[in-house]
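Hi,

Here is the structure I said I would pass on. Have a look at it first, and my notes on what turned up follow below.

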Amino acid sequence: MSLTHCRCNLVFHHEPGSDELTLLALHPANVPADRCSAVAEFLTRLNWNLHGQRFLLDWTDGEVRLRRDVWLLGMPESKTVAFWFQSACVLVDGFHPALMNVIYRGMPPVQALEQGEAEFQSLIKAHEPDEPDEV
C-alpha cells in the first residue's frame, strides 16, 4: 500500500494456541528523549478517541508504534485482515505530520492533534472506495 507521508513496518504476532492476534505498525522515527513528554501527551490525546487500537511510546528508545489486539474466533477472512492492515497504515500515515511537528517543531500537542485529525480525515476520504453506480 502506498502511503502519503511515511513508511511503516507491520508485524503480526500470534502465539500458537492463543486466541489473540497482535498487529503492530512501527513508526519510522524515534522520539528524542527531550520530546518524549510532549509526544506522550499527544499520543494520549490521540488514543482517547481510538477504538480497538492505540499508539504506544517506548520511553527507553523513543519508539512509537500502533498496536491492535484482536481476539480470533477462527480463521479471519482475507478482507478482514486487509482492513486491519489498511486501517493501521492510514492511521500511522495520517498522524505522521502532526507527530513530526510535535517532535521537531515543538508544536503543542493540542494543536498537533487538530492538525492530525484533519490530515487523517483527508486520507480516509482518499482511500474510501467509490460508491457503486446504480443500475
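Cys 89 is buried, at 4% relative accessibility. Cys 36 is buried too, with a relative accessible area of 2%. As for bonds between cysteines, the count of disulfides comes to zero. Bear in mind throughout that this is a predicted model.

Now the overall layout. The protein chain has three helices and four strands, and along the sequence they follow the pattern β-β-α-β-β-α-α. Of its 135 residues, 40% are buried. The accessible surface is about 8500 Å², and carbon and sulfur atoms hold 52% of that. If you take the contacts with a separation of 6 or more, 61% of them are between residues 24 or more positions apart.

On to the sheet. It is open, with four strands in the order S1-S2-S4-S3 and antiparallel pairing. Strand S1 (9–14) and S3 are at the edges with a single partner strand each, so each has one side without a neighbour in the sheet. From one strand to the next, the twist averages 25°. S1 and S2 are paired in the antiparallel sense over six bridges; in one of these places, Leu 10 has Ala 25 in S2 as its bridge partner.

What about the helices against that sheet? H1 packs on the sheet and touches S3 and S4, and its direction makes about 175° with that of S3. H2, in turn, lies across S1, S2, S3 and S4, where it runs at about 155° to S4.

Then there is the inside. Nonpolar side chains tend to be buried together in soluble globular proteins. In this model, the largest nonpolar core has 37 residues, and Val 39, Phe 42, Leu 43, Leu 46, Phe 55 and Leu 57 are those with the most contacts inside it. The elements giving two or more residues to this core are strands S2 (20–26), S3 (53–57) and S4 (64–71), together with helices H1 (36–47), H2 (78–104) and H3 (109–127). H2 supplies the largest share of the core, 12 residues.

Phe 42 is a good one to click on. Setting aside neighbours within four places in sequence, Phe 42 is in contact with Phe 95, Ala 98, Leu 99, Val 102, Pro 109, Ala 112 and Leu 113.

Two more residues are worth a look, and they touch each other. Trp 84 is in helix H2. With a cut-off of under 20% for buried, Trp 84 counts as buried because its relative accessibility is 9%. Not counting residues up to four places away in sequence, Trp 84 touches Leu 21, Leu 23, Arg 68, Val 70, Leu 72 and Pro 76. For Arg 68 in particular, the C-alpha to C-alpha distance to Trp 84 is 8.3 Å, with their positions 16 residues apart in sequence.

The other residue, Leu 72, is in the loop between S4 and H2. Leu 72 also counts as buried, because its relative accessibility is 17%. Beyond the neighbours within four places in sequence, its contacts are His 14, Asp 19, Leu 21 and Trp 84. Leu 72 and Asp 19 are 53 residues apart in sequence, yet 5.1 Å apart in space, C-alpha to C-alpha.

Cheers

Definitions and conventions. Residues are numbered from 1 along each chain as its sequence is written. This is a predicted model: local features need pLDDT of at least 70, side-chain atom pairs count only at pLDDT 80 or more; totals for chains, interfaces and linings use all residues. Side-chain values use heavy atoms; hydrogens and water are left out. A nonpolar core is a set of buried Ala, Val, Leu, Ile, Met, Phe, Trp, Tyr and Cys residues joined through side-chain atoms within 4.5 Å. Buried means under 20% relative accessible area, exposed over 50%, partly exposed in between (1.4 Å probe, protein chains only). Contact means heavy atoms within 4.5 Å. A disulfide is a pair of cysteine sulfur atoms within 2.5 Å. Accessible areas come from the Shrake-Rupley method with a 1.4 Å probe; for residues, only the protein chains shown count as cover. Two strands pair if DSSP finds at least two bridges between them. Axes are lines fitted to C-alpha atoms, for helices over the stretch in contact, and angles run from 0 to 180 degrees between N-to-C directions.
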